[in-house]
Amino acid sequence: MKPIRIDDYCFDRIHLWLQYDACVPQFIEMVVEVFYPANRKANGLVMFDHGFLIGNDLLWYPKKIAGMLLDDNPLFGINPSDYYNYSSALVEKNWAMAFVSASHAQVDWMPWTDIGGNPRVGQEAYAAASYLIKYGMTNFFWLVEAEGHNSRSFDAELASKAKFLISNNVIFAGHSVGGAHAQAAACGFDTLRQIGANQCRPFNPVIYNREFLPAFSMPMASWKEEHRANPVGLLMLSPVDQSVPLFIPGMSDYRAALASRPMPMAMITGQCDCACLDMSQPPAWSDNGTESQFSQLTGGGKGSWVVASQVERGSHCGYLTDKSPLCSVADMPSECKRCPEGTAYKPMGAEAVFTSEMFRKFIGIYPDGGGFQGGFSDWIQSDFITWLNQKSPCCDLNLMQMPGGGYIDNVPPV
């Protein structure tokens with residue numbers, strides 16, 4: 001379909017198949033949603049891993065079979081951009097934002113859910129971001145190849161019209177389980193391959209179109225470096241991780257890799273958020289010395305730039321720009337008793353406005369077409385941190401005071 005255009009931004013979606021590694025017969029079906037500037041000169045991309053929408057319902061397979069007869073696909077009924085529509089944050093710096101939905105299996109016996117510990121989802125986000133950088137907004141990616149096995153079909157006009165990014169800079173972001181998945185994606189291609197091999201989840205993806213005899217891309221390891229996503233930032237909203245020995249490895253290895261990465265990283269949690277503070281393994285953040293995702297990301301001062309803030313009355317679903325019955329389960333009084341009933345933020349409220357403004361401020365620290373300039377002191381004194389490190393950054397919303405007296409928690413590099 002033609003992209004939907006509102007003012008100077010377009011919305012479109014593409015439908016693909018991904019093989020995780022050319023040597024492994026394991027595939028995933030994906031839909032990628034994208035907001036991008038109509039001038040097709042986006043300075044960078046925010047790749048957002050959504051949380052509660054990862055996976056599909058119990059009727060996924062019957063719907064899939066019926067869709068083959070009715071020319072429909074249940075993936076097209078999943079729209080994470082409805083729930084995380086922070087597109088207003090992109091305009092000032094002319095950035096793009098994308099989401100991936102996949103017919104996902106956490107484990108074979110529970111194919112409709114994902115509890116946060118599956119690095120495959122982070123691999124998918126990285127692959128989708130790299131696809132958008134190399135091929136742009138097109139389903140006909142194989143026609144863009146000027147070399148190799150697809151050379152006879154090369155279409156130079158399509159190659160020039162489809163692209164919308166002028167750099168390969170990507171801020172990886174996510175909410176809930178997606179916040180943990182974004183940690184993996186933010187490690188970059190080489191680290192994803194290295195840790196994936198150690199965890200028996202090899203990663204050198206091949207992209208396919210959805211035809212009976214599909215065309216396919218070359219494995220990503222053969223792509224030029226400028227065609228692969230270059231992580232320049234990580235923004236986590238109430239990240240939730242889990243691990244089950246042998247089955248679900250969790251993201252601790254990826255956090256260990258990020259602990260020595262000099263890159264802007266920020267974690268936001270909520271005062272009333274039981275899902276990320278109590279149910280996550282480990283918790284996203286802790287003020288009592290318990291090992292947490294944040295402490296693993298800091299690595300005790302190994303060089304990580306990560307900071308954490310906590311929203312007063314912040315909930316697990318308050319970030320959302322639309323209501324979701326599935327996400328709201330995490331904030332039910334029967335599931336969470338951190339705050340009195342009715343006091344935590346609901347979707348589409350002040351916390352959602354704060355989140356949109358936070359994305360705007362975070363994107364604002366990057367020069368056009370480039371990564372963050374400077375060292376740790378430049379980051380900790382940046383406009384984003386100055387804005388975040390105050391009691392009320394915006395929107396009649398308050399942050400909790402953190403250890404040390406300010407409104408951010410961080411461990412400076414040694």
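Visitor: What makes C394 and C395 count as a disulfide?

Guide: In this predicted model, the sulfur atoms of C394 and C395 are 2.2 Å apart, and a disulfide is called where two cysteine sulfur atoms lie within 2.5 Å, so the pair qualifies. The torsion about its S-S bond is -65°, and the link is left-handed.

Visitor: Are C394 and C395 buried, exposed or partly exposed, and how do you know?

Guide: C394 has a relative accessible area of 14%, and because buried means under 20%, C394 is called buried. C395 stands at 25%, a value that falls between the 20% limit for buried and the 50% limit for exposed, so C395 counts as partly exposed.

Visitor: How many disulfides are there in the whole structure, and what pattern do they follow?

Guide: A search of the whole structure finds 4 disulfides, and when the bonded cysteines are counted along the chain their pattern is 1-6, 2-5, 3-4, 7-8. One of them joins C272 to C339, with 1.9 Å from S to S.

Visitor: What parts of the chain does the link of C272 and C339 tie together?

Guide: C272 lies in the loop between β9 (265-270) and α8 (274-279), while C339 lies in the loop between α10 (325-328) and α11 (350-363), so the pair ties together parts that are 67 residues apart in sequence. C272, at 4% relative accessibility, counts as buried, and C339, at 17%, is buried too.

Visitor: Why is the disulfide of C272 and C339 called left-handed or right-handed?

Guide: The torsion about the S-S bond of C272 and C339 is about -85°, so this disulfide is left-handed.

Visitor: What makes C317 and C327 a disulfide, and where do they lie?

Guide: Their S to S distance is 2.3 Å, which is within the 2.5 Å limit, so C317 and C327 are taken as joined. C317 sits in the loop between β10 (307-311) and α10, and C327 in helix α10, 10 residues apart. Both C317 and C327 are buried, and the torsion about their S-S bond is about -105°, so this link is left-handed.

Visitor: How do you know whether C200 is bonded to the closest cysteine?

Guide: The closest cysteine sulfur to that of C200 belongs to C23 and is 14 Å away, too far for a bond. C200 has a relative accessibility of 68%, and since exposed means over 50%, C200 counts as exposed. C10, by contrast, is at 9% and counts as buried.

Visitor: Why is the length of helix α3 said to agree with what its residues predict?

Guide: At 1.5 Å a residue, the 17 residues of α3 (residues 119-135) should span 24 Å, and the C-alpha atoms at its ends are 24 Å apart, so the two values agree.

Visitor: What makes α3 count as largely enclosed?

Guide: Of its 17 residues, 17 are buried, so the rest of the structure largely encloses α3. One of the residues in α3 is Q123, which has a relative accessible area of 0% and is therefore buried.

Visitor: What contacts does the side chain of Q123 make?

Guide: The side chain of Q123 lies 2.6 Å from the side chain of R120 in a polar contact, and it reaches the backbone oxygen of R201 at 3.2 Å; a polar contact is a suitable pair of N or O atoms within 3.5 Å.

Visitor: What happens at the two ends of α3?

Guide: At the N-terminal end, N118 acts as a cap, with a side-chain oxygen 3.0 Å from the backbone nitrogen of R120. Just after α3, G136 takes a positive phi of about 80°.

Visitor: What is notable about the phi of D7 and of D71?

Guide: D7 has a positive phi of about 55° although it is not a glycine, and D71 likewise has a positive phi of about 55° without being a glycine. D7 lies in the loop between β1 (4-6) and β2, whereas D71 is found in the loop between α1 and α2 (80-83). With 67% for D7 and 76% for D71, the limit of over 50% is met, so D7 and D71 are exposed.

Visitor: What makes the peptide bond from Q281 to P282 cis?

Guide: Omega is near 0° for this bond, and P282 lies in the loop between α8 and α9 (293-298).

Methods:
Residues are numbered from 1 along each chain as its sequence is written. This is a predicted model: local features need pLDDT of at least 70, side-chain atom pairs count only at pLDDT 80 or more; totals for chains, interfaces and linings use all residues. Side-chain values use heavy atoms; hydrogens and water are left out. Helices (H or I, at least four residues) and strands (E, at least two) are DSSP runs, numbered from the N terminus. The expected span of a helix is 1.5 Å times one less than its number of residues. Buried means under 20% relative accessible area, exposed over 50%, partly exposed in between (1.4 Å probe, protein chains only). A polar contact is a pair of N or O atoms within 3.5 Å; within protein, one must be able to donate a hydrogen and the other to accept it, and residues adjacent in sequence count only if both atoms are side-chain atoms.
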